[in-house]
Amino acid sequence: MRPPAYQQLADELRAEITSGRLQPGERLPPEPELCVKIGVSRSTVREALRLLASQHLIVTTRGVTGGSFVAHPDAGQLAEGLSTGFSLLAHSAGVGLADLLELRRALEVPAAGLAATRRSEAHLTELRGSMFDPSADDLETMLGAHSVFHRLIAKATGNPLFELVGRPVYQASYGEEVVAELPPDYWHRIDADHRELVDHLVARDAEGATRTATRHLDYIAAAASTPSGG
């Protein structure tokens, strides 16, 4: 079965954008021109443009100088499209915590080294602001702060691809059964590792940062696989 006309048009325009033939900021042909060029109604064109806008690929403005323009890539918005698929995989029977940690290791260790050499003072300020009180006993806050911290490390690499891929990874949560079995001092150790990592970034110590990131993930893997008190 052929897809609806608006879907075909959206697919064609998406291919133009993702291939680079249409560049960020470039204006798409006006709606009447698309109607004639593609041979579809104006309502079909508008539905295709609404679909592309919902995927953060274009921005539509009104007025005399308005129109539809190719959006400038934003890692946060683009990551939304990855999050649904990632969450489905992360919570499926075929993907476990070990798989998630394996991916985190592939991302976080090199990201820590890059962040140490490329970070700005603004990055350091954001990272310090993401710290939490491990004695507060507020699990939701600590899980959220942990996620934000690692997204900020990815941001500090200066490579938007780390930020794009990292966001859905750090939005994935532990299963309830894992959280219930974490050691009593788990969050104190996580907090200490985060602070040590920031110290390495302050010193622009890439070797120390990658070493701490590796040890951090080793601890998380061990803590998640060992029952509390065991």
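**Reading salt bridges and a core**

Visitor: What is the relative accessible area of Arg105?

Guide: In this predicted model, Arg105 has a relative accessible area of 32%, which makes this residue partly exposed. The range for that term runs between 20% and 50%.

Visitor: Which residue does the side chain of Arg105 meet in a salt bridge?

Guide: Arg105 pairs with Asp218, at 2.9 Å from N to O. Arg105 belongs to helix α5 and Asp218 to helix α11, so the bridge ties together parts 113 residues apart in sequence. Asp218 is also partly exposed, at 40%.

Visitor: How should a pair within one helix be read, such as Asp191 and Arg195?

Guide: An α-helix has 3.6 residues a turn, so residues three or four places apart point the same way. Asp191 and Arg195 are four residues apart in α10, about one helical turn. Their closest N and O atoms are 3.0 Å apart. Asp191 is buried at 9% relative accessibility, whereas Arg195 is partly exposed at 40%.

Visitor: Which helices does the salt bridge of Arg215 and Glu196 tie together?

Guide: Arg215 lies in α11 and Glu196 in α10, so this bridge links parts 19 residues apart in sequence. Shared partners join Arg189, Asp193, Glu196 and Arg215 into one network.

Visitor: Which residues touch the most other members of the largest nonpolar core?

Guide: Nonpolar side chains tend to be buried together in soluble globular proteins. Here the largest such core has 35 residues, and Ile153, Tyr186 and Leu201 touch the most other members. Its largest share, eight residues, comes from α5. Beyond its sequence neighbours within four places, Ile153 contacts residues including Ala111, Leu127 and Leu201.

Conventions: Residues are numbered from 1 along each chain as its sequence is written. This is a predicted model: local features need pLDDT of at least 70, side-chain atom pairs count only at pLDDT 80 or more; totals for chains, interfaces and linings use all residues. Side-chain values use heavy atoms; hydrogens and water are left out. A nonpolar core is a set of buried Ala, Val, Leu, Ile, Met, Phe, Trp, Tyr and Cys residues joined through side-chain atoms within 4.5 Å. Buried means under 20% relative accessible area, exposed over 50%, partly exposed in between (1.4 Å probe, protein chains only). Helices (H or I, at least four residues) and strands (E, at least two) are DSSP runs, numbered from the N terminus. Contact means heavy atoms within 4.5 Å. A salt bridge is a side-chain nitrogen of Lys or Arg within 4 Å of a carboxyl oxygen of Asp or Glu.
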